[in-house]
Amino acid sequence: MWELAGQLLPEMVGLAVTPAAVVACLLLLGSSHPFRNVVALALPFLAVYGVLSVAALAAGRAAEAANDDPATTRGWMSIVVGVIFLAVAVMSWLRPRLQSAAGAASARATHRAATEEPGWVSGLRDPSVGLVLVAGLLLAVVNPNVAILVSGLGIVVTADVRLSAQISGIVLLLAASMIDFVVPLLVFVLAGERGRGWLRSATGWLLAHNHVISIVVLLAFGVLFVGRGLAQVTA
């Protein structure tokens, strides 16, 4: 079990670092119903990831008799996830440059987008619970962390351990995915007005640097997963 937990550590860290989810959570903590809204944001993540986990575990148990080398399978899955992350990072880095090259009008639009508050940010300032649930569902589905979860599930279902250990591994992955919501909420509750001031400052900083942060996170995990996968495939 502990060996499996060690193998899942990169995936757990990746699931715990979701810039978009953190920003959305921080915005909702400033709304008139912070606790309700943060829970409503987290529930779709837990539901989507839970369904994927159950499906992966069932598929893994059904394919238990396959003769493929588990290490090779995990390696190729890690490489695929890493390549996806690197590709998304490159596209994110190139997008503003392509927009700037399109002409002066496009450059002005890019400048306005960088200086004005995005519409989705305004929408989460004080939303209805229905809007939060929809936003949570969209963030859970259209999210690079789904690839990280799939990589982690691949490790779990191909591990030569008992079913109870596999279930424990899945629980660790799901718990890691909730850190984005639990930590800001705990700071909000326990740190008082000073902690809420920190959260407001963190929200502004993340909104101002979200593009760069996302690229750095994608590059870091892309290199990590590709390197780990290549090591497993060539071992």
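The exercises below work through helix packing, burial and aromatic pairs in a predicted model.

Residues are numbered from 1 along each chain as its sequence is written, and side-chain values use heavy atoms, with hydrogens and water left out. Because the model is predicted, local features need pLDDT of at least 70 and side-chain atom pairs count only at pLDDT 80 or more, while totals for chains, interfaces and linings use all residues.

**Exercise 1. Describe how H2 packs against H10, and state how covered H2 is.**

Step 1. Helices are DSSP runs of H or I with at least four residues, numbered from the N terminus; here H2 spans residues 9–16 and H10 spans residues 163–177.

Step 2. The angle is about 30 degrees and the axes lie 7 Å apart, where axes are lines fitted to C-alpha atoms over the stretch in contact and angles run from 0 to 180 degrees between N-to-C directions.

Step 3. Angles under 35 degrees count as roughly parallel and those over 145 as roughly antiparallel, so H2 and H10 are roughly parallel to each other.

Step 4. Taking contact as heavy atoms within 4.5 Å, Glu11, Met12, Leu15 and Ala16 of H2 meet Leu172, Leu173, Ala176 and Ser177 of H10.

Step 5. Six of the eight residues in H2 are buried, that is, under 20% relative accessible area with a 1.4 Å probe, counting protein chains only; they are Pro10, Glu11, Met12, Gly14, Leu15 and Ala16.

**Exercise 2. Work out the relative direction of H3 and H12, and list the residues of their contact.**

Step 1. H3 (residues 19–29) and H12 (residues 192–234) pack at about 155 degrees, with axes 10 Å apart.

Step 2. The two helices, H3 and H12, are therefore roughly antiparallel to each other.

Step 3. From H3, the contact uses Pro19, Val22, Val23, Leu26, Leu27 and Leu29, and from H12 it uses Leu199, Ala202, Thr203, Leu206, Leu207, Asn210, Ile213 and Ser214.

**Exercise 3. Characterise the ring pair of Phe45 and Tyr49.**

Step 1. Rings of Phe, Tyr and Trp (its six-membered ring) pair if their centres lie within 6.5 Å, and planes over 60 degrees apart count as edge-to-face; the count by this rule is five aromatic pairs.

Step 2. Phe45 and Tyr49 form an edge-to-face pair, at 5.9 Å centre to centre and with 90 degrees between the planes.

Step 3. Both residues lie in H4 (residues 34–62), four residues apart, about one turn of the helix, and both Phe45 and Tyr49 are buried.

Step 4. Ring pairs link Phe45, Tyr49 and Phe181 into a cluster.

Technical notes
Angles under 35 degrees count as roughly parallel, over 145 as roughly antiparallel, 65 to 115 as roughly perpendicular and the rest as oblique. Rings of Phe, Tyr and Trp (its six-membered ring) pair if their centres lie within 6.5 Å; planes under 30 degrees apart count as stacked, over 60 as edge-to-face and the rest as tilted. Buried means under 20% relative accessible area, exposed over 50%, partly exposed in between (1.4 Å probe, protein chains only).
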